[in-house]
There are 4 protein chains.
Amino acid sequence: MGNIGEFVKTADYKSEKHVPVIECPSGLKKGEASDVVVSVGKEIAHPNTTEHFISWIALYFKPEDGNIYNLGRAEFLSHGESVKGANEGPAYTDPVACFRVKLEEKGKLVAVSYCNIHGLWESEVDVSF
Amino acid sequence: MGNIGEFVKTADYKSEKHVPVIECPSGLKKGEASDVVVSVGKEIAHPNTTEHFISWIALYFKPEDGNIYNLGRAEFLSHGESVKGANEGPAYTDPVACFRVKLEEKGKLVAVSYCNIHGLWESEVDVSF
Amino acid sequence: MGNIGEFVKTADYKSEKHVPVIECPSGLKKGEASDVVVSVGKEIAHPNTTEHFISWIALYFKPEDGNIYNLGRAEFLSHGESVKGANEGPAYTDPVACFRVKLEEKGKLVAVSYCNIHGLWESEVDVSF
Amino acid sequence: MGNIGEFVKTADYKSEKHVPVIECPSGLKKGEASDVVVSVGKEIAHPNTTEHFISWIALYFKPEDGNIYNLGRAEFLSHGESVKGANEGPAYTDPVACFRVKLEEKGKLVAVSYCNIHGLWESEVDVSF
Ligand SMILES: [Fe+3]
Ligand SMILES: [Fe+3]
Ligand SMILES: [Fe+3]
Ligand SMILES: [Fe+3]
């Protein structure tokens, strides 16, 4: 085991705005396309400014047996920047990602998010059918 | 104007499975967080196998005045690969992305998708409030 | 042909700092691993600040016959941001990417770069052995 | 501390082909642009086939004091895929990334790489001037 894990924080999303929240609005069904929504700031909104924003969210699946899979990753790239100056632009992208996945085994979903000034955060949910 | 545009194809998504479809289920409201869903294969499913899959979808916003913004990008990374062999793995990610955006000006949304063997495809919708 | 190409600018990199420069220091050899370096700001440096930076560079290969391939993409994610404020942070990533590729056919390399406030830019070089 | 760290493996790159190798050919100088090359398979080549490949490498900087920064990330997207079938295509991207960074503080560089069937791997080097 390496060290990157030491630098990935977690907490209760209800009190810590950086923690990604994993939701499966229609449940996860074995071998069927299922939507997984991952958001940051569900309970306490995270800032979205040119200087401070969520940069990306990645979703992983760790089957009970076998190596971890990176299911997907969403980048949030617009944060009010503009030739007129910071926070003067016409476009902002908020930290919500959805992934449509088909999983054939039990295991865990792990979401990792990255704030450009507060680092790496994670959360997880069990996958059981 | 450069040349990459020559290599990005478009068509009617109802007859061509590669074309990204842009949908705003609750509409786009000026300056308010609005969901934009971009999917490939809405009418005719695209394959999702270890050998042939949609790799990513990017979403751009071109305001009427001003430069284009890359709002976000979603990567689809699991396609049935496994130590057991191609298409034997427990995880598949389908080509659906959602972006929660706040737009302050009129313009166009442009989605670009990439198939690992059929190249670049695009579609667009107008943004007017 | 779609519209994204209309929004991708090009120019002479010697007078326009946004244009990506494609270099193959040891040449491109058919079927052999060859390094392709793509940089923005080679002649006139581009700013790298929290408010204005090059966000990513993507490299494509268009074989003479056949669809375009996205060889790779590099993201530049640190631009001086910090909990202390913009441009007070300890880390900056400059817009230089390298790709080690093996190409079996003639065609074109096309690089696309994205500035967070000045949009999309491209350049290309021929691949001939 | 969360759990993703449990799923990131490390080892000696000389005996384990997945471990990313971090090299700074000209050294790291405080506050000066310095090249960091990260590669997988330096001693024992990793396969690069349609079914088995290195998908991406990410580079992080953890200053002694303060949160971790994601300096950059490189995606390797072509692995011989083709409309003719797996491993019949004209393009392959090998797992080598370079990052040009400017670091103002001591700390650690941490590289993470992802194999599409063997999961997450990491290595690190100290940053001291
Ligand atoms: Fe934050
Ligand atoms: Fe296709
Ligand atoms: Fe610029
Ligand atoms: Fe492997």
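This section describes the metal sites, the relation between two chains and the pockets of a predicted model.

Iron coordination was examined in chains B, C and D. In chain B, the iron ion (ligand 2) is coordinated at 2.1 to 2.4 Å by B:His18 (NE2), B:His46 (NE2), B:His52 (NE2), B:Cys115 (SG) and B:His118 (ND1). Along the sequence, the donor residues of this ion are spaced H-x27-H-x5-H-x62-C-x2-H. Distant parts of the chain are linked by one pair of these donors, 97 residues apart: B:His18 belongs to the loop between β1 (8-9) and β2 (20-23) of chain B, and B:Cys115 to strand β8 (residues 107-115) of chain B. Both B:His18 and B:Cys115 are buried.

In chain C, the donors to the iron ion (ligand 3) are C:His18 (NE2), C:His46 (NE2), C:His52 (NE2), C:Cys115 (SG) and C:His118 (ND1), at 2.1 to 2.4 Å. Their spacing along the chain is H-x27-H-x5-H-x62-C-x2-H. C:His52 is located in the loop between β3 and β4 (54-63) of chain C and C:Cys115 in strand β8 (residues 107-115) of chain C, so this pair ties together parts that are 63 residues apart in sequence. C:His52 and C:Cys115 are each buried.

The iron ion (ligand 4) has as its protein donors D:His18 (NE2), D:His46 (NE2), D:His52 (NE2), D:Cys115 (SG) and D:His118 (ND1), which lie 2.1 to 2.4 Å from the ion. The spacing H-x27-H-x5-H-x62-C-x2-H describes these donors along the chain. Since D:His46 is in the loop between β3 (34-40) and β4 (54-63) of chain D, and D:Cys115 is in strand β8 (residues 107-115) of chain D, the pair ties together parts that are 69 residues apart in sequence. D:His46 is buried, its relative accessible area being 8%. D:Cys115 also counts as buried, at 1% relative accessibility.

The relation between chains A and B was then considered. A turn of 180° with a shift of 0.0 Å along the axis lays chain A on chain B with an RMSD of 0.0 Å. The two copies are thus related as by a two-fold rotation axis. Within chain A, the residue that comes closest to the rotation axis is A:Ala74, whose C-alpha is at 2.2 Å. Both copies use the same surface, in that 100% of the contact residues of chain A recur in chain B.

Two pockets were analysed. The largest pocket holds about 300 Å³ of space. Its lining consists of 16 residues, and those nearest the centre of the pocket are C:Ser39, C:Val40, C:Pro95, C:Val96 and D:Arg100. Two or more lining residues are given by each of β3 (34-40) and β7 (96-103) of chain C and β7 (96-103) of chain D. The largest share, three residues, is from β3(C). By class, seven residues of this lining are nonpolar, four are polar and five are charged.

The second largest pocket contains about 210 Å³ of space. Chain A is represented in its lining by A:Ala33, A:Arg100 and A:Lys102. From chain B, the lining residues are B:Val40, B:Gly41, B:Lys42, B:Ala45, B:His46, B:Asn48, B:Asp94, B:Pro95 and B:Val96. B:His46 is thus found in this lining and is also a donor to the iron ion (ligand 2) through NE2. The lining of the second largest pocket comprises five nonpolar, three polar and four charged residues.

Methods
Residues are numbered from 1 along each chain as its sequence is written. Chains are lettered from A and ligands numbered from 1 in the order in which they are written. This is a predicted model: local features need pLDDT of at least 70, side-chain atom pairs count only at pLDDT 80 or more; totals for chains, interfaces and linings use all residues. Side-chain values use heavy atoms; hydrogens and water are left out. On a 1 Å grid over the protein atoms alone, a cavity is a set of points where a 1.4 Å probe fits but cannot get out, and a pocket is an open set with protein on both sides within 12 Å along at least five of seven lines; lining residues have an atom within 4 Å of a point. Grid points are joined across faces, edges and corners, and a volume is the space filled by probe spheres set on the points. Helices (H or I, at least four residues) and strands (E, at least two) are DSSP runs, numbered from the N terminus. Ala, Val, Leu, Ile, Met, Phe, Trp, Tyr, Cys and Pro count as nonpolar, Asp, Glu, Lys and Arg as charged, and the others, Gly among them, as polar. Donors are N, O and S atoms within 2.8 Å of the metal (3.2 Å for Na, K and Ca); water is not among the atoms, so sites may look incomplete. Buried means under 20% relative accessible area, exposed over 50%, partly exposed in between (1.4 Å probe, protein chains only). Copies are superposed by least squares on the C-alpha atoms of residues with pLDDT of at least 70 in both. Contact means heavy atoms within 4.5 Å.
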